[in-house]
Amino acid sequence: MTDTHAPLLDPLDMADITTPNRVWMAPLTRSRSTAGDCEQTPLHALYYAQRAGAGLIVSEATQISHEGQGYAWTPGIFTEEQVESWKLVTDAVHNAGGRIFCQLWHVGAISHQVFQPEGDAPVSASVWTPEGEAFVGDRLSEGPTVPFPEARALDLNEIPRLLDDYRHAARCAARAGFDGVEVHAANGYLIDQFLRSGTNRREDEYGGSLENRLRLLDEVVAAVTEVLPAGRVGVRLSPMGGPGGSSDAKPEETYPEAAAKLAGRGLAYLHVVRPNGHTGSGGSDEGNAIVKDMRQRFDGVFVANGEFSTEEAAQWVGDGHADAVAFGRLFIANPDLPTRIAAGGPYEEANEATFYGGGAEGYVDYPTLDRVTDPLPVPA
């Protein structure tokens, strides 16, 4: 083990779980679930089991309802069939000695009518047309990407139903064998659309003041912790960046206050994505300062994410700016990432052409350190 990376390899005690290291696997959309029914397969079980050495795996973003889907071939956690398919994954991870949380996801406006019940418009905090295009895969002949439609404002009387969807998904995740859940309130998706002043122009108790814009986050976390122990619930936030071009006028106020709102609940952790090139926001000293302020405002385990090198991650943990760091692309290409960090590398490069959609290639065929010249077997 190199002294430089030693802080990443220490165990970490959370509220209800101890992780063997501080090298976490970030949630990574890979768009390989079955079309239509949004289920997982044995290929997913192999992919996650290969990465079971992570301190904690946070699953790919997983929609809580039919309405919550916004991308082709992403998984759900709201039907019995989806629950059964996820059991393949959680059993495989646990058999390999790992731990896995399910990231609960509602995309809000970052969707298309093709994914919505009855072909309706997607929902958001307010009427809003995101910038860019929706990834619809093979659902439309003019795809795989098409312009986002205008989203409608979620009606006030629909919010209790939305909270029930989160409760139901959390129960489903528990029955599927997950060790906990992460509430996805980041990256410009539905909860973040309520947080951000640029997308929330409501005039009721969910809009206007920062206190009101934080209300949905507060209520979703309360709903999920009615179903699961708080120590089995994490939350993800991102001060800047995300699809659709959503923004907030004062992220340096909004997101530290959101972190403070989550304190005192006994949550498993707060997971924060700092501004980075992959989210379209770019790295910045201002962004790092906001994340470090959020760390000071939250009273539990704090996890950082966003284009960290292993050296910078170890420095952040060593300096107390984070308790763990979640890696994305490095975990795609290096299924045994903690082992490689302990050895000081080398690290494989991820093939971006295989990130979204497809099968085994670029998914389960990356070698482990002890099999660099003897590639892993790939299922047909």
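Q: What share of the 380 residues is buried?
A: In this predicted model, buried residues account for 58% of the 380 residues in the protein.

Q: And how much area does the protein expose?
A: The exposed area is about 13,900 Å², and carbon and sulfur atoms supply 48% of it.

Q: Back to the inside. Which residues have the most contacts within the largest nonpolar core?
A: They are Ile77, Leu104, Leu217, Val235 and Leu237, in a core of 84 residues. Helix 3, residues 159-175, gives this core its largest share, namely eight residues.

Q: Where does the other core lie, and how many residues has it?
A: The other core lies apart from the largest one and has 15 residues, among them Ala61, Phe115, Ala134 and Val136.

Q: What does Ile77 touch, leaving out residues up to four places away in sequence?
A: Its partners include Thr62, Gln63, Trp86, Cys102 and Leu104. Ala169, Cys172 and Ala173 are also among the residues that Ile77 touches.

Q: What about contacts in general: how many join residues at least 24 apart?
A: Of the contacts between residues at least 6 apart in sequence, 71% join residues at least 24 apart.

Q: New topic. How many helices and strands are there?
A: The secondary structure consists of eleven helices and 15 strands. The radius of gyration is 19 Å, close to the 21 Å from the globule rule for 380 residues, so the protein is as compact as a globular protein of that length.

Q: What does the C-alpha trace span along its principal axes?
A: The span is about 60 × 45 × 35 Å.

Q: Last one: how many side chains are positive and how many negative?
A: There are 29 positive and 54 negative side chains, and the centres of the two sets are 3 Å apart.

Key:
Residues are numbered from 1 along each chain as its sequence is written. This is a predicted model: local features need pLDDT of at least 70, side-chain atom pairs count only at pLDDT 80 or more; totals for chains, interfaces and linings use all residues. Side-chain values use heavy atoms; hydrogens and water are left out. Helices (H or I, at least four residues) and strands (E, at least two) are DSSP runs, numbered from the N terminus. The radius of gyration is taken over C-alpha atoms; the globule rule is 2.2 Å times the number of residues to the power 0.38. Buried means under 20% relative accessible area, exposed over 50%, partly exposed in between (1.4 Å probe, protein chains only). Contact means heavy atoms within 4.5 Å. Accessible areas come from the Shrake-Rupley method with a 1.4 Å probe; for residues, only the protein chains shown count as cover. Lys and Arg count as positive and Asp and Glu as negative; His and the chain ends are not counted. The place of a charge is taken as NZ of Lys, CZ of Arg, CG of Asp or CD of Glu. A nonpolar core is a set of buried Ala, Val, Leu, Ile, Met, Phe, Trp, Tyr and Cys residues joined through side-chain atoms within 4.5 Å.
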